[in-house]
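The following exercises are to be worked through with the sequence and the coordinates at hand. Each task is followed by a solution in steps.

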Amino acid sequence: MTPASAADGAAPGQSADNPFPVRGVAIRVAGWIDKLGAVWVEGQIAQLTLRPNSNTAFITLRDPAADMSLSLTCPRDLVANAPVRMSDGTQVIVYGKPNFYTGRGTFSLRVSEIRAVGIGELLARIDRLRRLLDAEGLFDPRLKRPIPFLPGTIGLITGRASAAEHDITAVASSRWPAVRFAVRNTVVQGPNAVPQIVEALRALDADPQVDVIVLARGGGSVEDLLPFSDETLCREIVRCTTPVVSAIGHEPDNPLCDLVADLRAATPTDAAKRIVPDTAAEQALVGDLRRRSARALRNWVNREAHAVAQLRSRPVMSRPLAAIDVRADEIHRARAAARRDVTRLLTRESERVGHLAARLTTLGPAATLARGYAVVQAIPDVGAPHVLHAVADAPAGTKLRIRVSDGAVTAVSEGEQ
């Protein structure tokens, strides 16, 4: 089969040789959309158009958390007779049926009922979101980033030519003239506020020169402050690596961005005072600290000098040899006593040695020999001489050695007599 013959047998709209006409596609799309049925939709009115001599009102409904919108059409009387005045930025809930207009190829929601979201409903939704974010731990104080003591550049997100911008820049510059600002002017209320604020927040967080980001507005009604309680903005603040200060200036009902920010300021002026130190106050503090440190140093030197003087005044320090002088006489007496005792001991021992020597002399063999006695020894032919103890020890012919007091003589034994 050739490609041409295959194309001839293809379903309508599936090949270039058998295309759908425009009306065929439009009718089919309209049929598919018609099967969707009616739905309830919530959003903010971004644009409301009431054309003269027209019974139809045209509305652009925007999602406050995303850059998406829907086109709505409704009877003019539905807007005119609404319980609240419909205008740009109004939060509404609509009930309508999706329609595809085949003549223009456009999609819109044909609305049959419009309900404005009241203050009570808005506060209830904010409270539900607050509990959700709190349960996720986004309000945990441990997640708060510290604000730098002296930021070099302050990122400021606020309305164009707003009082909040003037208050922050004027107060901060008066307190610290060297401070710089990176200002991002955005819409601060209405359906376009959240996307613009989130975009500015991301840009400032990515700037390495920015040390702190201030989100400022001069307060307003609950409806005006809805963007600052938006979930997308709150989560973007938590994701920032740069500290974020919330200065919405709305005391009775704090928007949720106050709770997720690293610092909450009561007003824009209060934010400027809390993130920028006062030059005069800091100089006064430095001067006071210098005076206090100098006084403390002087007191410490005086205290230590007094302690040294006290130590020097003590006898052991003023006369260090006094203790030795006091003990000198004791040492001399001890030495004399020791010398006397040693001399006495030597004398006594010398006398005892003399007595023992005299006794030894008296009892010794020399004294005995001096009295006329003699020591007779037999001198054998072999062996050492030995003293005679009996007559039998010296038979005739035995050589004898006779020792007297002044020497020795030799003799020969003649035997027993």
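**Exercise 1. Packing of two helices**

Identify which residues of helix 6 meet which residues of helix 7, and determine how the two axes are oriented.

Solution. The model is a predicted one.

Step 1. On the side of helix 6, the contact is made by V194, I197, V198, L201 and R202, and their counterparts in helix 7 are T232, L233, E236 and I237.

Step 2. Sorted by character, the residues of this contact comprise 6 nonpolar, 1 polar and 2 charged.

Step 3. Helix 6 spans residues 193-206 and helix 7 spans residues 231-239; their axes come within 10 Å and cross at roughly 5°.

Step 4. Angles under 35 degrees count as roughly parallel. Helix 6 and helix 7 are therefore roughly parallel to each other.

**Exercise 2. Assembling a sheet from its strand pairs**

Establish the order of the 4 strands in the open sheet, and state which strands stand at the edges.

Solution.

Step 1. Begin with strand 11 (residues 375-378), which pairs with strand 13 in the antiparallel sense over 4 bridges. Within this pairing, A378 has L400 of strand 13 as its bridge partner.

Step 2. Strand 11 is also joined to strand 12 by 2 bridges, and these two strands run antiparallel. Here A378 stands opposite H386 in strand 12. A378 thus has L400 as bridge partner in strand 13 and H386 opposite in strand 12.

Step 3. Strand 13 (residues 399-404) pairs with strand 14 over 6 bridges, in the antiparallel sense. V404 has G407 of strand 14 as its bridge partner.

Step 4. Combining the pairs gives the order 12-11-13-14, an open sheet with antiparallel pairing. Strand 12 (386-387) and strand 14 (407-412) each have a single partner strand, so one side of each lacks a neighbour in the sheet.

**Exercise 3. Cysteines and disulfides**

How many disulfides does the structure hold, and why is C234 without a bond to the closest cysteine sulfur?

Solution.

Step 1. The structure holds 0 disulfides.

Step 2. For C234, the closest cysteine sulfur belongs to C257, at 6.3 Å, which is too far for a bond. The cut-off for a disulfide is a pair of sulfur atoms within 2.5 Å.

Step 3. C234 counts as buried because its relative accessibility is 0%. C74 also counts as buried, with a relative accessibility of 1%.

**Exercise 4. Positive phi outside glycine**

For N53 and A161, state the loop in which each is found and decide whether each is buried or exposed.

Solution.

Step 1. N53 is not a glycine, yet its phi is positive, at about 60°. A161, likewise a residue other than glycine, has a positive phi near 55°.

Step 2. N53 lies in the loop between strand 1 (39-50) and strand 2 (56-62). A161 lies in the loop between strand 6 (153-158) and helix 5 (163-175).

Step 3. Exposed means a relative accessible area over 50%. At 87%, N53 is therefore exposed. A161, at 74%, is exposed as well.

**Exercise 5. The surroundings of F58**

Describe where F58 is placed and which residues F58 touches.

Solution.

Step 1. F58 is placed in strand 2 and counts as partly exposed, at 27% relative accessibility.

Step 2. Setting aside residues up to four places away in sequence, F58 touches Q47, L48, T49, R51, L72 and T73.

Step 3. S246 is 188 residues from F58 along the chain, and 37 Å separate the C-alpha atoms of the two.

Key. Residues numbered from 1 in each chain as written. Predicted model: local features only at pLDDT ≥ 70, side-chain atom pairs only at ≥ 80, totals over all residues. Heavy atoms only, no water. Pairing = 2+ DSSP bridges. Axes fitted to C-alpha atoms, helices over the stretch in contact; angles between N-to-C directions. Parallel < 35°, antiparallel > 145°, perpendicular 65-115°, else oblique. Contact = heavy atoms within 4.5 Å. Nonpolar A, V, L, I, M, F, W, Y, C, P; charged D, E, K, R; others polar. Buried < 20%, exposed > 50% of the residue type's maximum accessible area, 1.4 Å probe, protein only.
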